[in-house]
Amino acid sequence: MNFSLLVYAAPHSRQAAETAYRFAVAALAQGHGIHRVFFYGDGVHNGSALASPPQDECDLPARWQALAKEHELDLVVCIAAAVRRGVLDANEARRYEKPGHNLREGFELSGLGQLAEAAIHSDRLITFGA
Amino acid sequence: MTLHTLNRPPSDRALLDDCIAALVADDTLLLLEDGVYCALAGLELPAGVRCVALAADVAARGIGDRLATGIEVVDDIGFVELCCHHSRVASWF
Amino acid sequence: MSHSKTFLIISRRPPYGSSHARDALDTALTTAVFEQPVAMLFQGDGVLQLLKGQEPAAVRQKNLGATLSALPMYDIENLYACADALAQRGLTQDDLILPVQPLDRAGIAALIRNHDVVLNF
């Protein structure tokens with residue numbers, strides 16, 4: 001079965017993003033596909049390269065990145081939600097004349113249309129919200 | 001058949017009411033995160049609705065021995081399987 | 001587009017206090033642009049998004065009510081509200097910026113069952 005996940009919660013402040021990650025791991029272990037993980041609202045913070053939790057805590061952005069690398073996952077961060085919250089790639093940093101960019105490698109910024117596309121082309125869309 | 005997930009505690013009464021109102025026979029309600037606390041007192045659900053709680057969240061909160069009767073515990077693989085066996089997933093949060 | 005799915009967006013948060021209502025609306029509008037059939041259900045405090053007379057300029061936000069009233073122009077014409085939520089808040093159709101179909105519990109359960117994709121905000 002082909003899943004897409006909507007992550008609508010920031011890491012650390014809410015548990016939902018971690019639940020989504022565990023779901024992705026379990027689905028992949030069962031041989032299912034993940035069409036896309038779409039990060040929306042405060043969920044865009046999962047795509048930050050600058051999150052620096054203590055070493056004995058879960059570094060969720062890093063784990064998403066590693067999982068995506070291993071399974072060639074499509075990790076899409078909603079561009080409108082992200083730039084509002086200060087999660088920028090190099091292009092957006094240039095466009096808004098910001099001093100740096102922080103979108104983690106393995107994630108990409110794109111429009112909300114990617115959520116609609118994911119829902120259309122997946123067997124199930126599962127929301128992890130807060 | 002719809003899988004409903006609920007991740008807020010029973011003190012969020014308005015959410016719980018809206019979620020329960022949406023349940024019909026053959027649906028499954030999966031309690032996760034703080035939603036597993038709804039399994040303590042149990043829930044009055046429509047006939048034919050199955051209620052399950054996510055194992056990791058039950059264990060994390062130390063309530064494994066306190067779940068109301070009739071509530072099953074499923075692991076993450078069980079969560080994935082529930083998604084496969086229902087036509088859609090509605091998340092209440 | 002070869003695939004088509006029916007979408008139900010459930011919006012149950014009040015406007016302005018959080019981004020949920022705006023995100024629900026943006027999701028509905030974007031999905032409609034993809035030419036998928038979209039319905040919206042306002043439930044709980046979400047029905048308060050429909051109130052006339054919103055003036056959010058002083059809180060420096062865009063008028064959500066104004067965008068909502070444009071939904072039919074985007075072919076989002078299946079708009080529903082939880083009848084209990086309206087009644088509990090003393091709201092009637094005259095208080096609302098656009099017409100919505102009130103639904104009872106059975107109607108809401110049937111609505112969810114009749115859509116392929118359900119997105120809650």
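**Chain B, overall form.** I began with the radius of gyration of chain B in this predicted model: a compact globule of 93 residues would have a value near 12 Å, and chain B has 12 Å, which agrees. I then took the extent of its C-alpha trace along the principal axes and found a span of about 30 × 30 × 25 Å.

I looked up the secondary structure next, and chain B holds four helices and five strands, which I read along the sequence as β-α-β-α-β-α-β-α-β. For burial, I noted that 41% of the 93 residues of chain B count as buried. I also checked how far apart in sequence the contacting residues of chain B lie, and among contacts between residues at least 6 apart, 55% join residues at least 24 apart.

**Chain A, overall form.** I repeated these look-ups for chain A, where I found five helices and five strands, arranged along the sequence as β-α-β-α-β-α-α-β-α-β. The radius of gyration of chain A is 14 Å, close to the 14 Å that the globule rule gives for 130 residues, so I entered chain A as being as compact as a globular protein of that length. The box filled by its C-alpha atoms, taken along the principal axes, is roughly 45 × 35 × 25 Å.

Of the 130 residues of chain A, I recorded 53% as buried. Among the contacts in chain A between residues at least 6 apart in sequence, 75% join residues at least 24 apart.

**Two helices of chain A.** I then turned to how helix H1 (residues 16–29) and helix H2 (residues 60–71) of chain A pack, and noted an angle of about 20° with the axes 11 Å apart. Angles under 35 degrees count as roughly parallel, and therefore I entered H1(A) as roughly parallel to H2(A). The crossing in which H1(A) passes H2(A) is left-handed.

I listed the residues that meet here: from H1(A) they are A:Ala17, A:Glu18, A:Tyr21, A:Ala24, A:Val25 and A:Leu28, and from H2(A) they are A:Leu60, A:Arg63, A:Trp64, A:Leu67 and A:His71. Sorted by class, the residues of this contact of H1(A) with H2(A) are eight nonpolar, one polar and two charged.

**Chain B against chain A.** Moving to the contacts between chains, I found that the one joining chain B and chain A takes 12 residues from chain B and 16 residues from chain A. On the side of chain B that touches chain A, helix H4 (76–85) and strand E5 (88–92) of chain B each supply at least two residues. H4(B) gives the most to that side, with six residues. I divided the residues of this side of chain B by class into eight nonpolar, two polar and two charged.

**Chain C against chain B.** My last look-up was the contact between chain C and chain B, which takes 12 residues from chain C and 12 residues from chain B. On the side of chain C that touches chain B, I noted helix H4 (105–113) and strand E5 (117–120) of chain C, each of which supplies at least two residues. The largest share of that side, five residues, comes from H4(C). By class, I counted five nonpolar, three polar and four charged residues on the side of chain C that touches chain B.

Key. Residues are numbered from 1 along each chain as its sequence is written. Chains are lettered from A and ligands numbered from 1 in the order in which they are written. This is a predicted model: local features need pLDDT of at least 70, side-chain atom pairs count only at pLDDT 80 or more; totals for chains, interfaces and linings use all residues. The radius of gyration is taken over C-alpha atoms; the globule rule is 2.2 Å times the number of residues to the power 0.38. A residue is buried if 20 or more other C-beta atoms lie within 10 Å of its own, exposed if 12 or fewer, and partly exposed in between; C-beta atoms are placed from the backbone. Two residues are in contact if their C-beta atoms, placed from the backbone, lie within 7 Å. Ala, Val, Leu, Ile, Met, Phe, Trp, Tyr, Cys and Pro count as nonpolar, Asp, Glu, Lys and Arg as charged, and the others, Gly among them, as polar. Axes are lines fitted to C-alpha atoms, for helices over the stretch in contact, and angles run from 0 to 180 degrees between N-to-C directions. Angles under 35 degrees count as roughly parallel, over 145 as roughly antiparallel, 65 to 115 as roughly perpendicular and the rest as oblique. A crossing is left-handed if the near helix is turned anticlockwise from the far one by less than a right angle, and right-handed if clockwise.
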